Amino acid sequence: MNMIRLATLWVAGFVLADVSALQAKDGVRVVSVSKVEAAKGKLRDKTATDWLTEAELKKLNEQKRAQNQQLIFFEYHVGRDKWRGIYTDKLLLRGFSWWIFYGENEMEAKVNEEIAKDLVPAFIARSGNAYAMLFVNPDQLEEVRKVLAELGIGEPKLKK
């Protein structure tokens with residue numbers, strides 16, 4: 001009886017491994033997160049909000065959106081265990097999503113999920129095990145990239 005259960009678990013393990021391999025092969029991998037230039041750190045410091053809890057940042061995002069300001073970048077500070085955001089009035093995104101994830105596998109799964117919804121990552125920032133990500137419609141990516149470049153925030157590198 002134990003041998004049958006062991007054999008069943010062994011076969012199930014191979015099936016799960018094959019499904020994971022197919023998902024990874026069909027999706028994209030994040031080769032590198034966005035480079036955040038130290039040289040433009042003072043500019044980001046000047047334009048960023050105070051350091052906030054995740055809930056406070058979400059609430060502020062709703063307030064800023066009502067004022068026609070768009071969250072364009074946000075980041076995590078491991079030592080403070082808080083987030084801060086940078087908003088712009090240069091553009092208002094028609095379709096977007098922003099995410100906070102803990103863990104590389106979870107982040108990469110969300111990247112693939114958002115790409116499947118026809119959104120593309122504008123940036124992926126990492127601090128410790130925390131990831132901040134903004135996804136936008138492909139037709140607005142160039143416009144968003146210009147604003148991010150002014151702040152010294154590069155684009156993430158993805159590989160199919």
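Mentor: Contact means heavy atoms within 4.5 Å. The model is predicted, so local features need pLDDT of at least 70 and side-chain atom pairs count only at pLDDT 80 or more, while totals for chains, interfaces and linings use all residues. Residues are numbered from 1 along each chain as its sequence is written, and side-chain values use heavy atoms, with hydrogens and water left out.

Trainee: In which pattern do the helices and strands follow each other along the sequence?

Mentor: Helices (H or I, at least four residues) and strands (E, at least two) are DSSP runs, numbered from the N terminus. The protein has five helices and seven strands. Read along the sequence, they give the pattern α-β-α-α-β-β-β-α-β-β-α-β.

Trainee: What percentage of the 160 residues counts as buried?

Mentor: Buried means under 20% relative accessible area, exposed over 50%, and partly exposed in between (1.4 Å probe, protein chains only). Of the 160 residues, the buried ones make up 39%.

Trainee: Which residues are exposed on the other side of H3?

Mentor: Helix H3 covers residues 54-66, and its buried residues include Leu57, Leu60 and Asn61. These cover an arc of only 110 degrees around the axis, which puts them on the same side of H3; the arc is that of the directions from the helix axis to the C-beta atoms. The buried residues of H3 pack against E2, E3 and E4. On the other side of H3, the exposed residues are Ala55, Lys59, Glu62 and Ala66.

Trainee: How many bridges pair E2 with E3?

Mentor: Two strands pair if DSSP finds at least two bridges between them. One bridge joins His77 to Lys82 in E3. The hairpin of E2 and E3 has four residues between the strands, and Asp81 takes a positive phi near 55 degrees there. The pairing of E2 and E3 is antiparallel, and its bridges number seven.

Trainee: Which strands stand at the edges of the open sheet of E4, E6 and E5?

Mentor: This open sheet of three strands has the order E4-E6-E5, with antiparallel pairing. Two of the strands each have a single partner, so one side of each is left without a neighbour in the sheet: they are E4 and E5.

Trainee: By how many degrees are neighbouring strands of this sheet turned against each other on average?

Mentor: Axes are lines fitted to C-alpha atoms, for helices over the stretch in contact, and angles run from 0 to 180 degrees between N-to-C directions. For neighbouring strands of this sheet, with direction ignored, the average turn is 15 degrees.

Trainee: What is the bridge partner of Phe123 in E6?

Mentor: E5 and E6 (residues 130-136) pair in the antiparallel sense over seven bridges. Leaving aside neighbours within four places in sequence, the contacts of Phe123 include Ile72, Phe73, Phe74 and Leu148. Its bridge partner in E6 is Leu134.

Trainee: Is Ser127 buried or exposed?

Mentor: Ser127 is located in strand E5, residues 120-127. Not counting residues up to four places away in sequence, Ser127 touches Tyr76, His77 and Val78. Its relative accessibility is 16%, and therefore Ser127 counts as buried.

Trainee: Which exposed residues does H5 carry on the face turned away from its buried side?

Mentor: Helix H5 (residues 141-150) lies across E5 and E6, at about 35 degrees to E5. The buried residues of H5 are Val144, Arg145, Val147 and Leu148. Seen down the axis, they fall within an arc of 165 degrees, so they line one face of the helix. The face turned away from them carries the exposed residues Glu142 and Lys146.

Trainee: Which strand supplies the largest share of the largest nonpolar core?

Mentor: A nonpolar core is a set of buried Ala, Val, Leu, Ile, Met, Phe, Trp, Tyr and Cys residues joined through side-chain atoms within 4.5 Å. The largest one has 28 residues, and those with the most contacts inside it are Ile72, Phe73, Phe74, Trp83, Phe123, Val144 and Leu148. H3, E2, E3, E4, E5, E6 and H5 each supply at least two residues of this core. The largest share, five residues, comes from E2.

Trainee: How many residues of E2 are buried?

Mentor: E2 has eight residues and is mostly covered. The buried residues of H5 pack against E2, among other strands. In E2, the number of buried residues is seven.
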